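This report describes a single protein chain, moving from its overall make-up to its sheets and then to one residue. The model is predicted.

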Amino acid sequence: MQKRSVFAIALTALTALALTGCSAGSSAGDGKIRVVASTNVYGDIASTIAGNAVEVTSLMSDPAQDPHSFEASAQSQLAVSKADILIENGGGYDDFMGTLRSGSKNTKATVLNVVDISGKKADNGELNEHVWYDFPTIEKFTTALTDALVKADPSQKATFTKNADAFSGKLAALQNREAELKTKYAGEGAAITEPVPLYLLDAIGLVNKTPEKFSAAIEGGTDVSPLVLQETLALLSGHQVKLLAYNEQTSGPETERVLAAAKQAGIPVVPVTETLPKGKDYIGWMNANLDAVESALAQ
């Protein structure tokens, strides 16, 4: 389900502030490529591949931040206006990036839209836009990002390529872990509060048994009907699932009831987030997610 919130940004005021001398983290003419990513997930990957040759700014980086309520600032506008490469998730997730681009008048930046790069299409009118949980998509993104970096600074091609190859090797190891788990647990049931980790759970072969109307309502910020809530709670009390994947960054009365029901029934809870937790890099984060899922399934 696409996130429909488009954050109101007073572009005229922001641009005026930017032009009055707000200074970005980098200075013009320092020879560094400027990469601006909508979230620290893509910012971390950019830093891993680019190394010290690039200055990376992640607009959403607070692990306690609800991505649905993110509001861009004058500093965000300024960073976008100076970027050489812009990374956005796409798929309706971070529409504020398009708004910032329009306000910045930056036409020179290479824009990498990860949903577009993934080639994924809407299924029955809905697209799961949380593509950073899909390792084949991140592999495609890695290739596109490396190409963009080389284009921006051909002198660093060897470094970018070496770092990208090392990162891709770690992505392959993550996919191997998924494949191993699939041989053991394919067909087991899972419940979710939102579709955030579904690509990862699907790769392991788990079956999402959550009523679609429940996760769609939670993601869209609308009320869950009593009937749908009871159907979701019954999955847990009836032990129809092996785990509950719970988005820690967005919660409300319905999700808290589901969480409580899982704990009461002894169903393992796997916490997931939409942005990179503090102190983690992308590979470490995803390995930790797989560790949590594996531990839950083994119970």
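## Overall make-up

The protein chain contains 12 helices and 8 strands. Of its 299 residues, 51% are buried, and, among contacts between residues at least 6 apart in sequence, 70% join residues at least 24 apart.

## The sheet of β1 to β4

One open sheet is formed by 4 strands, which follow the order β2-β1-β3-β4 with parallel pairing. Its edge strands are β2 (54-60) and β4 (110-113), each of which pairs on one side only, and the twist from one strand to the next averages 15 degrees.

The parallel strands β3 and β4 are joined by 4 bridges, and within this pairing Glu88 has Asn113 of β4 as its bridge partner. Helix α4 packs on the sheet, where it touches β1 (33-39), β2, β3 and β4, and the direction of α4 makes about 155 degrees with that of β3.

## The sheet of β5 to β8

A further open sheet of 4 strands has the order β6-β5-β7-β8, and here too the pairing is parallel. Strands β6 (207-208) and β8 (269-272) stand at its edges with a single partner strand each, so one side of each of them is left without a neighbour in the sheet.

Strand β5 (residues 189-192) pairs with strand β7 (residues 243-247) in the parallel sense over 3 bridges, and Ala190 has Leu243 in β7 as its bridge partner. Helix α12 (residues 282-297) packs on this sheet and touches β7 and β8, with a direction that makes about 165 degrees with that of β8.

## Asp94 and its surroundings

Asp94 is placed in the loop between β3 (85-88) and α4 (96-104), two elements that also meet in the packing described above, since α4 touches β3 as part of its packing on the sheet. When residues up to four places away in sequence are not counted, Asp94 touches Ser38, Glu88 and Asn89; of these, Glu88 is the residue whose bridge partner in β4 is Asn113.

Which side chain of opposite charge is nearest to Asp94, and how far away is it? The nearest is that of Arg101, at 8.0 Å, and Asp94, although buried, has no salt bridge. A polar atom of the Asp94 side chain does, however, lie 2.9 Å from the backbone nitrogen of Gly90. The picture of Asp94 is thus one of a buried acidic side chain without a salt bridge, with the backbone nitrogen of Gly90 at 2.9 Å from one of its polar atoms.

Methods: Residues numbered from 1 in each chain as written. Predicted model: local features only at pLDDT ≥ 70, side-chain atom pairs only at ≥ 80, totals over all residues. Heavy atoms only, no water. Buried < 20%, exposed > 50% of the residue type's maximum accessible area, 1.4 Å probe, protein only. Lys, Arg positive; Asp, Glu negative; His and termini not counted. Salt bridge = Lys/Arg side-chain N within 4 Å of Asp/Glu carboxyl O. Polar contact = N/O pair within 3.5 Å; in protein donor to acceptor, adjacent residues only side chain to side chain. Contact = heavy atoms within 4.5 Å. Pairing = 2+ DSSP bridges. Axes fitted to C-alpha atoms, helices over the stretch in contact; angles between N-to-C directions.
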